[in-house]
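Please open the model in your viewer and keep the selection panel at hand. The tour goes from the ligand outwards to the pockets.

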Amino acid sequence: MSERRPRVLSGIQPSGNLHIGNYLGSLQNWVLEQDRYDNFFCIVDLHAITVPQDPAELRQHVRELAGLYLACGLDPQRSTIFVQSHVSAHAELGWVLNCQTPLGWLNRMTQFKDKSAKQETVLAGLLNYPTLMAADILLYDAEFVPVGDDQRQHIELTRDLAERFNYLYGETFVIPEPMIRTVAARVMGLDDPTSKMSKSNTAAGHAIPLLGDLKKTRKAIMRAVTDSGTEIAFDESRPGVYNLLSIYQKLTDKPREEIEAHFAGQGYGTLKRELADAVEATLEPIQARYREFTNDPAELDRLLAQGAERAAAVANATRDRAYTAVGLR
Ligand code: TYM
C-alpha cells in the first residue's frame, strides 16, 4: 500500500491578468511538488466577487484560469482541480466561520486595508474574505498551503480560527501550515521594485503577464527600473536588480553563486536580456498549451465537474462535522 501523502490546498482568484508573480509564488511550486502531496487546487470565484465583477467576464476568467492550471502542468489525474462555487460547502462553512470570527481580527488584515482603500464602496464580502479562505483550507484538512508571501497573514488567521473553534467545540479542524518558498515569494513590479507585482495594476511595464505578448514583455523587462550601480549581485538593498535576479533564479533553478559568477563583469543589459530569454522559454510552451486546452471548453467543463465531485466528497464531510459541532445537526 502506498503511504498516505500530506494534503495541500491552494487557490487563485479568476480575476484575469495572471502574472509571473502568481506563477513563481504559487502555480510553479504546485506543479513541481505535485507527486509529493495529495493536492486540491481551486479557482476561487467566490473570492473574486468580493469586488465588483462583470458576470460574462467572470465566467470567461474561470475557464481561462482552468486552462492555465492545466497549461502550467497541473494534472487532473494527480490533482483535484475545481471551482470553489461548484462545491457549496465553501459558502456554508464560510458562514459558520464568519459567526466565529471576532470583527477585530478581520479589521486588522493588511490585504483588507490595502484593497478597501482602492474601492469606492467597500463590500461586506471584502471584509469577510479571510473567513471564506479559512473555509477553503479547513474543509480539506489541508496540512500545507502553498502560496506567495502576501498570503501569510490570511493563513495565520486560518490557524487562529481553527484553534479557537477546536477549543470551543472539540477537535474538528486540522491546523494548516503556510508553505512559502524562499525564492521569488514576493515578486515586485518591473516599474517599481518597491511595490508588489499585482493583477490589479494594469499599467504597461508593471507586470510580466503569463498570457501576454512576449515581444511586449521583453520590452518591459529591458525597461525595468534598476539603479545607477553596475554590479550584479543578490543585494536586497538594491531592490530592482534583486527582483530581476530572483525571478531569473526561480526560472532557471540555478544556485545564487552560479548566477553571480555567470553575470560577473556584465552590465544590467545582459541580465535583462537573459532574463527575457528565460521568461520566454518558460512562457512560450505554457501559452501554446493554454491555447490547446481552451480550444475545447466542453472538455474543460467536464474536468471541472469531475474535480468538483471529488472535492465535494471531502468537503461535505468536514462541513457536516463543523455543523454538528456547533449544533446545526
Ligand atoms: P491571488 O489570486 O491574489 O494570488 C494567487 C497566488 O499568487 C501569489 N502571488 C504572488 N507571489 C509572488 N509574488 C507576487 N507578486 C504575487 N502576487 C500574488 C499569492 O500569494 C497566491 O498564492 N487569497 C488568495 C486566494 C485564495 C487562497 C485560498 C489561497 C483563496 N482561498 C486558500 C490559498 C488557500 C489570493 O488572493 O490569491
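Select the shell of residues around the ligand and colour it by class: the residues divide into 12 nonpolar, 11 polar and 5 charged. Bear in mind, while you do so, that this is a predicted model. Within the shell, which counts 28 residues, highlight Tyr129, Asp136, Asp150, Val187 and Lys199, since these are the ones that come nearest to the ligand.

Next, show the side chains of Gln13, Asp136 and Asp150, and look at their polar atoms. In Asp150, an N or O atom of the side chain is 2.4 Å from an oxygen atom of the ligand. In Asp136, which is also among the residues that come nearest, a polar side-chain atom lies 2.6 Å from a nitrogen atom of the ligand. Gln13 offers an N or O atom of its side chain at 2.9 Å from an oxygen atom of the ligand. If you then switch on a surface, you can consider how much of the ligand is covered: on its own the ligand has 720 Å² of accessible area, and the protein covers 97% of it.

Now turn to the space itself, and ask which pocket the ligand takes. The ligand takes the space of the largest pocket. To place the shell around the ligand within the fold, select β1 (7–12), α1 (20–32) and α7 (124–139), which are the elements that give two or more residues to that shell.

Widen the selection to the whole of the largest pocket, whose volume is about 1,200 Å³. Its lining consists of 50 residues, and those closest to the pocket centre are Gln111, Lys115, Asp150, Gln151 and Lys196; Asp150, already selected for its contact with the ligand, thus appears here as well. Two or more lining residues come from each of β1, α1, α2 (45–48), α6 (110–117), α7 and α8 (152–169), and α1 gives the most, with 5 residues. Coloured by class, the lining of the largest pocket divides into 15 nonpolar, 25 polar and 10 charged residues.

For the last stop, move to the second largest pocket, where about 350 Å³ of space lies. Select Ala203, Ala204, Gly205, Ala207 and Pro209, which are the closest to its centre among the 19 residues that line it. By class, the lining of this second largest pocket has 5 nonpolar, 9 polar and 5 charged residues.

Terms used. Residues are numbered from 1 along each chain as its sequence is written. This is a predicted model: local features need pLDDT of at least 70, side-chain atom pairs count only at pLDDT 80 or more; totals for chains, interfaces and linings use all residues. Side-chain values use heavy atoms; hydrogens and water are left out. A residue is near a molecule or strand if one of its heavy atoms lies within 4 Å of it. A polar contact is a pair of N or O atoms within 3.5 Å; within protein, one must be able to donate a hydrogen and the other to accept it, and residues adjacent in sequence count only if both atoms are side-chain atoms. Accessible areas come from the Shrake-Rupley method with a 1.4 Å probe; for residues, only the protein chains shown count as cover. On a 1 Å grid over the protein atoms alone, a cavity is a set of points where a 1.4 Å probe fits but cannot get out, and a pocket is an open set with protein on both sides within 12 Å along at least five of seven lines; lining residues have an atom within 4 Å of a point. A molecule sits in a cavity or pocket if more than half of its atoms lie within 2 Å of its grid points. Helices (H or I, at least four residues) and strands (E, at least two) are DSSP runs, numbered from the N terminus. Ala, Val, Leu, Ile, Met, Phe, Trp, Tyr, Cys and Pro count as nonpolar, Asp, Glu, Lys and Arg as charged, and the others, Gly among them, as polar. Grid points are joined across faces, edges and corners, and a volume is the space filled by probe spheres set on the points.
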